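Hi,

Here is the structure I promised to pass on. Have a look at it first, and then read on for my notes.

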Amino acid sequence: MCRNGGRCTVRFAQDLGLFEESTTFIAVDGEHKAVACEEEIFLNMSDVSGIQHDGNNDFLNTGSPHFVTFVDDIETVEFVHEGKSIRYGEIYGPVGGTNVNYEEVLTEDSLYVRTYERGVEDETYSCGTGVTACALSAHERLQMESPINVKTRGGNLRVSFVEKEPGKFDNIYLIGPAIKVFEGVFKVEN
């Protein structure tokens with residue numbers, strides 16, 4: 001389930017007048033709640049538990065599987081080559097692959113994230129489940145507190161959450177803008 005797509009769908013439904021402020025919808029991974037404010041959408045994510053740590057790397061499922069690693073300079077990463085080798089490698093390849101996220105710490109409450117997305121087989125400019133995975137990983141490893149600001153090439157997001165106990169998160173929200181950028185009409189001719 002595409003979380004950024006979910007935020008856009010919520011805004012579109014609100015623009016159509018299907019709800020005023022809050023709504024619920026069903027996706028392949030279950031029910032999601034959303035709140036639409038004037039400029040931002042707050043999209044409730046699935047609960048997360050079972051983060052696997054391996055050296056500098058983490059693996060967790062935020063609705064999609066995500067490999068997460070910290071880097072010092074995200075712009076120098078051989079992104080597609082490294083992402084593809086992890087996605088198709090001996091650990092994740094046999095089980096359908098994984099999305100691969102690189103995160104750089106910018107400040108005590110912000111990250112810069114880039115994601116190699118399976119299916120796209122390249123960088124995607126903003127992956128909502130990847131941003132969420134990176135924020136939870138940063139909380140676990142660096143004790144970053146909720147909400148965490150995340151910069152992506154596609155824009156800026158926030159992730160808020162509650163850690164019920166170590167490694168178990170609920171009330172996770174992906175927060176960011178979703179605005180109408182155009183409107184059109186098309187004519188169907190026989």
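Phe79 and Tyr102 are both buried. Keep in mind that this is a predicted model. The rings of Phe79 and Tyr102 make a tilted aromatic pair, with 5.2 Å from centre to centre and 55 degrees between the planes. Phe79 belongs to helix 2 and Tyr102 to strand 8, so their pairing ties together parts that are 23 residues apart in sequence.

The count of aromatic pairs comes to four. Another one of them is Phe59 with Tyr92, which is stacked: the centres are 5.0 Å apart and the planes 25 degrees. Phe59 sits in strand 6 (residues 57-61), while Tyr92 is in the loop between helix 2 (79-87) and strand 8 (99-107), so this pair ties together parts 33 residues apart in sequence. Phe59 has a relative accessible area of 16%, so it goes down as buried. Tyr92 is buried too, at 13%. Add Phe67 and you have one aromatic cluster, made of Phe59, Phe67 and Tyr92.

On to the charged side chains. A search of the whole structure turns up nine salt bridges. Here are three that I looked at:

- Asp29 with Arg3: the closest N and O atoms are 2.4 Å apart. This pair links distant parts of the chain, with Asp29 in the loop between strand 1 and strand 2 and Arg3 in helix 1, 26 residues apart. Asp29 is partly exposed at 27% relative accessibility, whereas Arg3 is buried at 1%.
- Glu75 with Arg114: here the closest N and O atoms are 3.5 Å apart. Again distant parts of the chain are linked, since Glu75 is in the loop between strand 7 (65-70) and helix 2 and Arg114 is in strand 9 (residues 110-117), 39 residues apart. Glu75 is partly exposed, with a relative accessible area of 43%, and Arg114 is buried at 6%.
- Glu121 with Arg87: these side chains meet at 2.9 Å, N to O. Glu121 is in the loop between strand 9 and strand 10 (122-124) and Arg87 is in helix 2, so to speak a link between distant parts of the chain, 34 residues apart. Glu121 is partly exposed at 24%, and Arg87 counts as buried at 10% relative accessibility.

There is also a network: salt bridges with shared partners join Glu75, Arg114, Glu123 and Arg153 into one.

What about the cysteines? Searching the whole structure gives zero disulfides. Cys37 is in none, and its nearest cysteine sulfur, that of Cys8, is 15 Å away. Cys37 is partly exposed, with a relative accessible area of 34%. Why is Cys127 without a bond to Cys2? The closest cysteine sulfur to that of Cys127 is the one in Cys2, and at 7.3 Å it is too far for a bond; the cut-off for a disulfide is 2.5 Å between the sulfur atoms. Cys127 counts as buried, at 6% relative accessibility.

Now the strands towards the start of the numbering. Strand 1 and strand 2 (residues 30-36) run antiparallel and are joined by six bridges. One bridge partner to look up is Val35 in strand 2, which goes with Ser22. Two residues make up the hairpin connection from strand 1 to strand 2. Strand 2 also pairs with strand 3 (residues 40-44), again in the antiparallel sense, over three bridges. In that pairing, Ala36 has Ile41 of strand 3 as its bridge partner. The hairpin from strand 2 to strand 3 goes through three residues.

Last item, the surface. Which residues make the nonpolar surface patch of about 360 Å²? They are Phe12, Leu16 and Leu18. Leu18 is found in the loop between helix 1 (3-15) and strand 1 (22-27). With 64% relative accessibility, Leu18 counts as exposed.

Over to you, and shout if anything is unclear.

Cheers

Key: Residues numbered from 1 in each chain as written. Predicted model: local features only at pLDDT ≥ 70, side-chain atom pairs only at ≥ 80, totals over all residues. Heavy atoms only, no water. Patch = residues over 30% accessible without salt bridge, like charges linked within 9 Å, V, L, I, M, F, W, Y side chains within 5 Å. Areas by Shrake-Rupley, 256 points an atom, 1.4 Å probe, with all protein chains shown as cover. Salt bridge = Lys/Arg side-chain N within 4 Å of Asp/Glu carboxyl O. Helix = DSSP H or I, 4+ residues; strand = E, 2+ residues; numbered from the N terminus. Buried < 20%, exposed > 50% of the residue type's maximum accessible area, 1.4 Å probe, protein only. Pairing = 2+ DSSP bridges. Phe/Tyr/Trp six-rings, centres within 6.5 Å; stacked < 30°, edge-to-face > 60°.
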